[in-house]
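This report concerns the structure shown below. It treats the contact of chains, the domains, one sheet and selected helices in turn.

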Amino acid sequence: MIEFTPRKIQSSFWTILSPIISITITILIGSLIFKILSYPVIESLYQVFVSPFSRPDRIADIFVKACPLIIIGLGLIFCFKANIWNIGAEGQFILGALCAGSFALLFPETKTYTLLISMFLIGFVGGAIWASIPAILKVRLNVNEILVSLMLVYVAMLFIDFIVRGPLRDPMSFGFPLSKVYPDGAIISKVDFPFIGFLGQFHYGIFIILILCPLIWFFINKTLPGFQIKIFGSSSRASEFAGFNKNKITFYVLLVSGGLSGVAGVIEVSANMGRLQPEVSFGYGFTAIIVAFLGRLNPYGVVIAGIIIATAKLGADNAQMVLGIPKVVTGIFEGMLLFFLLAGETIQKYKISIRKTN
Amino acid sequence: MYKNFLKIITFLSILVSPFLFTSAYAKTKVGFVYLTTPGDHGWTYAHELGKQMVKKEFGNDVDISIVENVPEGPDATRVIRELAKQGNQIIFTTSFGYMEPTLKVAKEFPNVKFEHMTGYKRTKNVATGNIRFYEGRYVQGVVAGLMTKTNKIGYIGAYPISEVIMGINAFAQGLRSVNKKATISVIWANTWYDPVKEADAAKVHIAEGADILAQHTDSPAMLQIAEKNGALGFGQSTDMGAFAPKAQLFASVNNWGPYYIKKIKQLKDGKWNTGDGPDHWAGNTWGGLSTNMLTLSNFSNMPTDVAKKAQAAHDGIKSGKLKIFAGPLKTNDGKEIIGAGKTLDDGALWGMNYYLEGVTGKVPK
């Protein structure tokens, strides 16, 4: 039997070295795969790992891709720290986008940004309401939140599909399922950098991460509720003895996580699509779970993890464009990278021994 | 730690990048954006076959880049822009959802030509290509009407949009031209590509007594179910005979190759334009059997006299003698659309939100 014993002392040396080793192993095995499939090894590696950083606009696009992942991931930190498994961020993302979008479309002529601000609030509430369903069921009836939150994803997908095909369909879209275009006041514009101009799709919504990240770090590490969440997550019995309200924590972490997913949805649709369509999320809510864990449930770690995942996706696109490497091959790369990073973390945290079972 | 790592990588990349982007500009650079992978054996595969025809036609005179599995959102904008930045002179974006991303990027690259497949907006450097898929469905209707024993046809639709509905109605017209007793029942799969859902819909149709199946979704799943259950059916987008040798009657094949070749030739000659068709939203180019943009695969699993009638219908549409939507036309709840002697025009086809006689049920609203 394989046994995992937590290490008492975690060496900071290995904390730094383990991801480097993980990346090196990925590169080595990856090169071997490229070699076997007879793609040029160096250029393939360049396209996958380096090309996303090779031009300012490409770097900007990494942030565009990472933005929803990071915002959702930041929200998920609350849940996962408290050992509450919110798997339904995808659905909360969709609901946030849908609520804010429907609201924006009620005011077609608006040009002022008060509309955008209210959309953020409504998006947060929309996502939070969607997350409150598993929260209430968990608190009141002790229903497993994993199942409820996951299944509500599919409800959300069908719901936005219905809304975009029915009530909100643009009469000028010839039957195609698209809403009208958002009013000007509801659009998050691209950033016009001085002397450079626009860089890819880089938009103002991305800056919200600069506010959220330190804020959440401070909340988790320096405040009493943050402390309660951590204690509750590592030992719910201990937290009960300490007199923390179990139900309250469960409820609020889901609400905050859902709300932030909703905000991510608002930003993504407002900045990149400018209208509602049947598909607004492309698995962001699920990928963000990986991002949260890869970032070790640390807000800054989540930002870095989001960037790594986004880079891998962009690299895969570039590799196919330039060298014709199919996405399945670069997908293996992404999988290996995640596997080794998480394996490295596990080995570094736990001592692994093999013991004979009696 | 990570920050330094990123810095080093960025620095290195800036050093190396000039050496890696020395592509030959003498060739025509052509880009393709695919919604799924060619492995879908349907919509995207048909575009892949078109791409291969381009390669065969121009050989080393073209340099083709493709990107597959591009979701219809911000990723599409990024990928299309990237293709334009890498010097592709003509970019084919092969799904409806790429319309806005294509237009967005086209504005930034006025010298690059964009070809969007099946949308309704275009500009000076964005052309739209579309196929009259419904023409093949009329022939399918003829064959179905002659082959059915139960007089029940099962039809699997993707979404209740005009394009799909005009296909169902064309099928009904073909069906009723040879068999007034047969009816079509429609199941909406609410997806373009989901083999599991498509297979489920096919099973339901068969359980309800349908012996001929038709589809407006992309995977071969329906035909595989038909094959297992002794039913017959029609392939979609590409020849799916390999998946159902005993069940496929024929397939309507989307033949994008000639269109791609024509547009690339125009570009090479400096004569590229947004098309020669009527300038309404269905596409600058909306080609069908007559322009070979739609072809039919070999007729199989049917007696020769049925095949002959199918061929006759095909030839009639191709030559323009057979008008599919010629009056008198009535909806399935008895409303008259047009009287005898008139024919629906293209614009009316795109406004279809009703079923013609021969289809059961109502269009979902």
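The description below moves from the conventions to the chains, their domains and their secondary structure elements.

The model is predicted: local features need pLDDT of at least 70 and side-chain atom pairs count only at pLDDT 80 or more, whereas totals for chains, interfaces and linings use all residues. Residues are numbered from 1 along each chain as its sequence is written, and chains are lettered from A and ligands numbered from 1 in the order in which they are written.

**Contact of chain A with chain B**

Chain A contributes 23 residues to the contact and chain B contributes 32 residues, two residues being in contact if their C-beta atoms, placed from the backbone, lie within 7 Å. On the side of chain A, at least two residues each come from helix H2 (41-50), helix H3 (56-81), strand S3 (197-203), helix H10 (246-273) and helix H12 (299-323). Helices (H or I, at least four residues) and strands (E, at least two) are DSSP runs, numbered from the N terminus. H12(A) gives the most to this side, with 4 residues. By class, the side of chain A that touches chain B holds 12 nonpolar, 6 polar and 5 charged residues. Here Ala, Val, Leu, Ile, Met, Phe, Trp, Tyr, Cys and Pro count as nonpolar, Asp, Glu, Lys and Arg as charged, and the others, Gly among them, as polar.

**Domains**

The domain bounds come from an automatic or database domain assignment. They are listed in the table.

| Chain | Domain 1 | Domain 2 |
|---|---|---|
| Chain A | residues 1-39 + 330-358 | residues 49-324 |
| Chain B | residues 25-131 + 256-290 | residues 133-253 + 297-349 |

In chain A, the C-alpha centres of domain 1 and domain 2 lie 29 Å apart. Their contact takes 8 residues from domain 1 of chain A and 8 residues from domain 2 of chain A. The side of domain 1 of chain A that touches domain 2 of chain A comprises 6 nonpolar, 1 polar and 1 charged residues.

In chain B, the C-alpha centres of domain 1 and domain 2 are 28 Å apart. This contact takes 15 residues from domain 1 of chain B and 17 residues from domain 2 of chain B. Helix H2 (residues 43-58) of chain B supplies the largest share of the domain 1 side, 4 residues.

**The sheet of chain B**

In chain B, 6 strands form an open sheet with parallel pairing, in the order S2-S1-S3-S4-S5-S11; two strands pair if DSSP finds at least two bridges between them. Strand S2 (62-67) and strand S11 (285-287) of chain B are the edge strands, each pairing on one side only. Strand S1 (residues 28-33) of chain B is joined to S2(B) by 6 bridges, and Lys29(B) stands opposite Asp63(B) in S2(B).

**Helices H7 and H8 of chain B**

The axes of helix H7 (residues 195-207) of chain B and helix H8 (residues 221-229) of chain B come within 8 Å and cross at roughly 40°. That angle makes H7(B) oblique to H8(B), since angles under 35 degrees count as roughly parallel, over 145 as roughly antiparallel, 65 to 115 as roughly perpendicular and the rest as oblique. Axes are lines fitted to C-alpha atoms, for helices over the stretch in contact, and angles run from 0 to 180 degrees between N-to-C directions. Among the residues that meet are Ala199(B) and Ile206(B) in H7(B) and Met222(B) and Ile225(B) in H8(B). The residues of this contact divide into 8 nonpolar, 1 polar and 2 charged.
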